[in-house]
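Hi,

Here is the structure I promised to pass along. Have a look at it first, and then read on for what turned up.

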Amino acid sequence: MMGFLLVIKIGKSIMAKILVTGATGRLGNAVLRSLVQKIPASDVVAMARDVEKAEPLAALGIEVRYGDYTDYDSLVAAFEGIEKIYLVSAVAFSDRLAQHKNVIVAAGRAGVRHVVYTSIQRVNDELAPIEGVTESDIATERLLKKSGLTYTIIQHPLYADDLPFLIGTNAAKEDFSAPAGQGRASFATFAELAEAGAALLTETGYENSTCLLNAGQTWSFQDIADGLARLTGKPVDYQPISAQAFIAAREADGWPTSLAKFLSGWGNAIDKGAFDQSSRTLEKLLGRKPKDLEGILRVAFAL
């Protein structure tokens with residue numbers, strides 16, 4: 001492998017050929033842009049199903065390669081000469097495990113050393129699993145651990161940027177409801193998670209481990225309402241509602257039933273305590289404290 005890879009060690013950091021999947025998606029794109037702030041663009045590879053959409057990345061000096069999770073041969077070709085892969089998990093309600101397996105097996109065949117997988121935070125495997133996500137996350141993590149590859153599993157929290165989907169885009173202006181009860185959860189922004197992902201890819205010490213990344217504290221949805229009130233100077237109240245009421249309200253707004261049910265599942269998991277867990281790892285990777293609640297709400301609601 002050293003015949004076609006240049007590995008440079010500087011202190012605790014390692015710079016090598018790194019590939020990020022999902023290059024045109026929110027997370028993958030953000031990780032790539034953070035990576036080129038840390039290592040030369042010539043050491044970074046973006047994988048995309050639509051290479052034309054990745055042209056802005058190519059303009060940064062990043063090599064763009066075609067690859068599709070459902071096309072095993074394309075993955076083997078895309079991974080040639082790659083030392084490390086950042087595997088952005090497939091979308092919910094697709095055949096996620098089969099797609100992830102293709103990536104992991106192709107990585108082994110291509111001589112990749114290390115795979116970093118983006119999973120979802122969970123207190124344990126049994127508590128309030130998310131339909132379409134949790135089961136395949138667990139199976140992927142197990143598959144990766146048995147693959148013989150060096151692995152890092154990143155457990156992401158709820159994305160702060162997506163809070164408006166759960167509590168409504170007008171939550172900063174008026175009272176809101178959600179099927180989250182009095183549960184508590186942590187959040188983080190895409191930007192900070194991407195920055196931390198780039199750090200994980202360029203530092204040592206996280207091999208064969210699971211890293212929980214979140215803001216380092218948890219909040220209830222009443223805390224969110226109070227935070228929005230402080231930011232806007234207007235009273236904002238939170239009303240817990242049932243999953244059935246949430247689904248009906250979203251359907252009345254024209255949402256597909258499947259999407260409303262999916263989001264209600266996240267609310268149920270929060271209510272049951274499945275996300276009531278904090279970690280300082282994100283702070284360590286960023287080298288600073290992550291955004292606090294008000295900072296998160298400013299991003300989520302453009303305040």
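The crossing of H4 and H5 is right-handed. Before going further, keep in mind that this is a predicted model. H4 covers residues 96–110 and H5 covers residues 134–146, and the two pack at about 20° with 9 Å between their axes. An angle under 35 degrees counts as roughly parallel, so that is how H4 sits relative to H5. On the H4 side, the contact uses Arg96, Leu97, His100, Lys101 and Ile104, while H5 brings Ser136, Asp137, Ala139, Thr140, Leu143 and Leu144. Sorted by class, that contact between H4 and H5 comes to 5 nonpolar, 3 polar and 3 charged residues.

Next, H1 and H7. H1 (residues 26–35) and H7 (residues 190–202) have axes that come within 8 Å and cross at roughly 55°. That angle makes H1 oblique to H7, and this crossing is right-handed. The residues that meet are Arg26, Leu27, Ala30, Val31, Ser34 and Leu35 from H1, and Phe190, Ala194, Glu195, Ala198, Leu201 and Thr202 from H7. The contact of H1 with H7 has 8 nonpolar residues, plus 2 polar and 2 charged.

There is also H8 with H12. Here H8 (residues 221–232) and H12 (residues 293–300) have axes that come within 10 Å, crossing at roughly 75°. Angles of 65 to 115 degrees count as roughly perpendicular, so H8 and H12 get that label. H8 makes the contact through Asp223, Ile224, Gly227, Leu228, Arg230 and Leu231, and H12 through Leu293, Glu294, Leu297 and Arg298. The class split for H8 with H12 is 5 nonpolar, 1 polar and 4 charged.

Now for the open space. The largest pocket holds about 1300 Å³. It has 43 lining residues, and the closest to its centre are Arg26, Ser89, Ala90, Val91 and Ala92. Arg26 is thus a residue to look at twice, as it is also on the H1 side of the contact with H7. Which elements give two or more residues to this lining? They are H1, H4 and H6 (163–167), strands E4 (44–48), E7 (114–120) and E9 (158–159), and H10 (257–272). H10 gives the largest share, 5 residues. By class, the lining of the largest pocket has 24 nonpolar, 12 polar and 7 charged residues.

The second largest pocket has about 150 Å³ of space. Its lining is made up of Phe93, Pro129, Ile130, Glu131, Ser258, Lys261, Phe262, Gly265 and Asn268. Those residues divide into 4 nonpolar, 3 polar and 2 charged.

Last, the enclosed space: the structure has 1 cavity of 30 Å³ or more. The volume of the largest cavity is about 90 Å³. Of its 13 lining residues, Gln121, Arg122, Pro129, Ile130 and Thr134 are the closest to the centre. Pro129 and Ile130 also line the second largest pocket. The lining of the largest cavity has 7 nonpolar, 3 polar and 3 charged residues.

Cheers

Terms used
Residues are numbered from 1 along each chain as its sequence is written. This is a predicted model: local features need pLDDT of at least 70, side-chain atom pairs count only at pLDDT 80 or more; totals for chains, interfaces and linings use all residues. Side-chain values use heavy atoms; hydrogens and water are left out. Axes are lines fitted to C-alpha atoms, for helices over the stretch in contact, and angles run from 0 to 180 degrees between N-to-C directions. Helices (H or I, at least four residues) and strands (E, at least two) are DSSP runs, numbered from the N terminus. Angles under 35 degrees count as roughly parallel, over 145 as roughly antiparallel, 65 to 115 as roughly perpendicular and the rest as oblique. A crossing is left-handed if the near helix is turned anticlockwise from the far one by less than a right angle, and right-handed if clockwise. Contact means heavy atoms within 4.5 Å. Ala, Val, Leu, Ile, Met, Phe, Trp, Tyr, Cys and Pro count as nonpolar, Asp, Glu, Lys and Arg as charged, and the others, Gly among them, as polar. On a 1 Å grid over the protein atoms alone, a cavity is a set of points where a 1.4 Å probe fits but cannot get out, and a pocket is an open set with protein on both sides within 12 Å along at least five of seven lines; lining residues have an atom within 4 Å of a point. Grid points are joined across faces, edges and corners, and a volume is the space filled by probe spheres set on the points.
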